[in-house]
Amino acid sequence: MPAVMLDENQTRVTYADRKVDSLCPFCGVGCQVTYQVKDETVIYAEGRDGPANHNRLCVKGRFGFDYIHHPHRLTKAAGAAAECEEGFQRPGRSRQSVHAFPRSVLEEALDIAAKGLVKIRNEKGVKALAGFGSAKGSNEGGVSVPEAGTHRFGSNNVDHCTRLCHASSVAALMEGLNSGAVSAPFAAAMDAKSSS
């Protein structure tokens, strides 16, 4: 039983007031999960009988939901040129909140990131750049990380989270799809298509 449900005497004192069926947000396997919610806060997660997980969850799926309600979580893109939310530090203003950021559009955030990458490449060389893909992204995102790293920036420093920390995801993908490579089959198909 999750510790958040117990008092100092190890007696259960917290009970969910509703359940929310969802998919685990951590990787591309698609494990089905039911979140137990009390006062709009997730208190624990249980696996549902889905084709990928059969009521099971890895440690991330079962316990990795505290970021949802964390006070430092960013919920809007941040940038320097847009209107400021209350409390953001600007010249002549006092700092009221360390976690208030100005609002921004996605294009501005991407432009800032791209300029930073170009600056690193120009000042430190291509070996200073690395790309790290995420199983939480789409197939297109999985293809774009190595594409940007190797073809746009000329860096072979490209990796993917599945190789490092998703052994359970790889096993589930092998069981469900007969491939544990996440988006590699898609990339291989694109390479084969472009060479024909």
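Start with the whole chain: residues 24 or more positions apart account for 41% of the contacts in the protein with a separation of 6 or more, a contact being heavy atoms within 4.5 Å. The model is predicted, and local features need pLDDT of at least 70 and side-chain atom pairs pLDDT 80 or more, while totals for chains, interfaces and linings use all residues. Residues are numbered from 1 along each chain as its sequence is written, and side-chain values use heavy atoms, leaving out hydrogens and water.

**Whole protein**

Colour the model by secondary structure. The protein has six helices and five strands, in the order β-β-β-α-α-β-α-β-α-α-α from the N terminus on. Helices (H or I, at least four residues) and strands (E, at least two) are DSSP runs, numbered from the N terminus.

Now show the surface. The accessible surface comes to about 13200 Å², and 55% of that belongs to carbon and sulfur atoms; the areas come from the Shrake-Rupley method with a 1.4 Å probe, and for residues only the protein chains shown count as cover. Of the 196 residues, 23% count as buried. Buried means under 20% relative accessible area, exposed over 50%, and partly exposed in between (1.4 Å probe, protein chains only).

**The three-stranded sheet**

Select residues 18–23 and 41–47, which are strand 1 and strand 3, then add strand 2, residues 32–38. They belong to an open sheet of three strands with the order 1-2-3 and antiparallel pairing. Strand 1 and strand 3 are the edge strands, each pairing on one side only. The twist averages 30 degrees from one strand to the next, with axes taken as lines fitted to C-alpha atoms, for helices over the stretch in contact, and angles running from 0 to 180 degrees between N-to-C directions.

Strand 1 pairs with strand 2 over six bridges; two strands pair if DSSP finds at least two bridges between them. Show Asp21, which stands opposite Thr34 in strand 2, and Lys19, which stands opposite Gln36 in strand 2.

On the other side, six bridges join strand 2 to strand 3. Lys38 stands opposite Thr41 in strand 3. These two strands form a hairpin with two residues between them, and in the turn Asp39 has a positive phi of about 50 degrees.

Is strand 2 enclosed by the rest of the structure or open? Five of its seven residues are buried, so strand 2 is largely enclosed.

**The nonpolar core**

Select Val29, Tyr35 and Ala45. Of the 14 residues in the largest nonpolar core, these three touch the most other members. Such a core is a set of buried Ala, Val, Leu, Ile, Met, Phe, Trp, Tyr and Cys residues joined through side-chain atoms within 4.5 Å. Strand 2, strand 3 and helix 5 (167–177) are the elements that give two or more residues to this core. Strand 2 gives the most, with three residues.

Keep Tyr35 selected. Not counting residues up to four places away in sequence, Tyr35 touches residues including Arg18, Val20, Leu23, Pro25, Val42 and Phe65.

**Helix 3**

Move to residues 139–152, helix 3, where Glu147 is found. The 14 residues of helix 3 should span 20 Å at 1.5 Å a residue, and its end C-alpha atoms are 19 Å apart, which agrees; the expected span is 1.5 Å times one less than the number of residues.

Pick out Glu147. At 30% relative accessibility, Glu147 counts as partly exposed. The C-alpha atoms of Glu147 and Val158, 11 residues apart along the chain, are separated by 9.4 Å. End at Gly154, just after helix 3, which takes a positive phi of about 75 degrees.
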